[in-house]
Amino acid sequence: MDTTPATSATVRPKEFHFPLAVEWVGGPRVTAQVKGKPAIEIATPPVCRGTDPSRWSPEEFLVAAAASCLAVTFTGLAAREGLAHTKLKVDGDGVVGRRADGRFGFTQLLLRLEVETDPTQEAQARELAERAEETCLVSVSLDLPVESVIEVRTRPAS
């Protein structure tokens with residue numbers, strides 16, 4: 001005889017949205033805007049024939065997103081677990097080249113997390129750094145396919 005309850009609770013996963021707008025400002029430059037935050041000007045990097053090395057590129061933002069995610073994930077875990085640290089630095093390097101699928105793109109992302117803590121907390125710091133690496137939302141998302149929706153509109157004739 002089946003003794004399982006006839007009804008069960010439906011579990012809904014958390015879902016978060018991060019809306020932003022990107023608008024072309026001329027040449028190979030755009031601005032990215034998130035409501036309530038200053039706009040950031042983004043340009044093609046010099047290595048890809050960009051002309052303004054003083055502007056961030058999308059490629060740099062990708063590496064920065066992964067590196068900063070790792071850093072803030074670690075600091076969140078450290079705060080929750082009571083780990084004191086006196087230094088935290090993440091160096092990142094995104095390697096771009098010919099991929100296995102024949103397309104040109106990121107082939108590797110290297111992140112180096114450096115944390116300084118008390119010797120008695122060394123093992124805990126290492127464990128939290130490993131957990132941060134496994135749970136950083138940006139890094140764990142990079143192996144997912146990207147779906148693009150392209151919408152082309154034309155201006156009405158004058």
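What follows is a short chat about a sheet and a helix in a predicted model.

Visitor: Start with the open sheet. What is the strand order?

Guide: The order is β1-β2-β3, three strands with antiparallel pairing.

Visitor: Which ones are the edge strands?

Guide: β1, residues 21-26, and β3, residues 40-43. Each of these pairs on one side only.

Visitor: What does the twist average?

Guide: From one strand to the next, the twist averages 30 degrees.

Visitor: How many bridges between β1 and β2?

Guide: Five, in the antiparallel sense. One residue to look at is A21, which stands opposite Q33 in β2.

Visitor: And how many residues sit between those two strands in the hairpin?

Guide: Two residues lie between β1 and β2 in that hairpin. G27 is in the turn, with a positive phi of about 60 degrees.

Visitor: How many bridges join β2 to β3?

Guide: Four bridges join them, and the two strands run antiparallel. β2 covers residues 29-33.

Visitor: Which residue in β3 is the bridge partner of V30?

Guide: V30 has I42 as its bridge partner there.

Visitor: Different topic: α2. How far does it reach from its first C-alpha to its last?

Guide: The helix has 14 residues and spans 20 Å between those atoms. That is close to the 20 Å expected at 1.5 Å a residue.

Visitor: Which residues of α2 are buried?

Guide: A125, L128, A129 and A132. Looking down the helix axis, the buried residues of α2 fall within an arc of 105 degrees, so they line one face.

Visitor: What covers the buried residues?

Guide: The cover includes α1, residues 58-81, and β5, residues 104-117.

Visitor: Which residues are exposed on the other side of α2?

Guide: A123, R126 and E134 are exposed on that side.

Visitor: What about E133, where is it found?

Guide: E133 is also part of helix α2, which runs over residues 122-135.

Visitor: Does E133 count as buried or exposed, and why?

Guide: E133 counts as exposed because its relative accessibility is 55%, and the cut-off for exposed is over 50%.

Visitor: What is E133 in contact with, leaving aside its neighbours within four places in sequence?

Guide: With that restriction, E133 is in contact with L70 and V140.

Visitor: How many residues apart along the chain are E133 and A71?

Guide: They are 62 residues apart along the chain, while their C-alpha atoms are separated by 9.2 Å.

Notes:
Residues are numbered from 1 along each chain as its sequence is written. This is a predicted model: local features need pLDDT of at least 70, side-chain atom pairs count only at pLDDT 80 or more; totals for chains, interfaces and linings use all residues. Side-chain values use heavy atoms; hydrogens and water are left out. Two strands pair if DSSP finds at least two bridges between them. Axes are lines fitted to C-alpha atoms, for helices over the stretch in contact, and angles run from 0 to 180 degrees between N-to-C directions. Buried means under 20% relative accessible area, exposed over 50%, partly exposed in between (1.4 Å probe, protein chains only). Contact means heavy atoms within 4.5 Å. The expected span of a helix is 1.5 Å times one less than its number of residues. The arc is that of the directions from the helix axis to the C-beta atoms.
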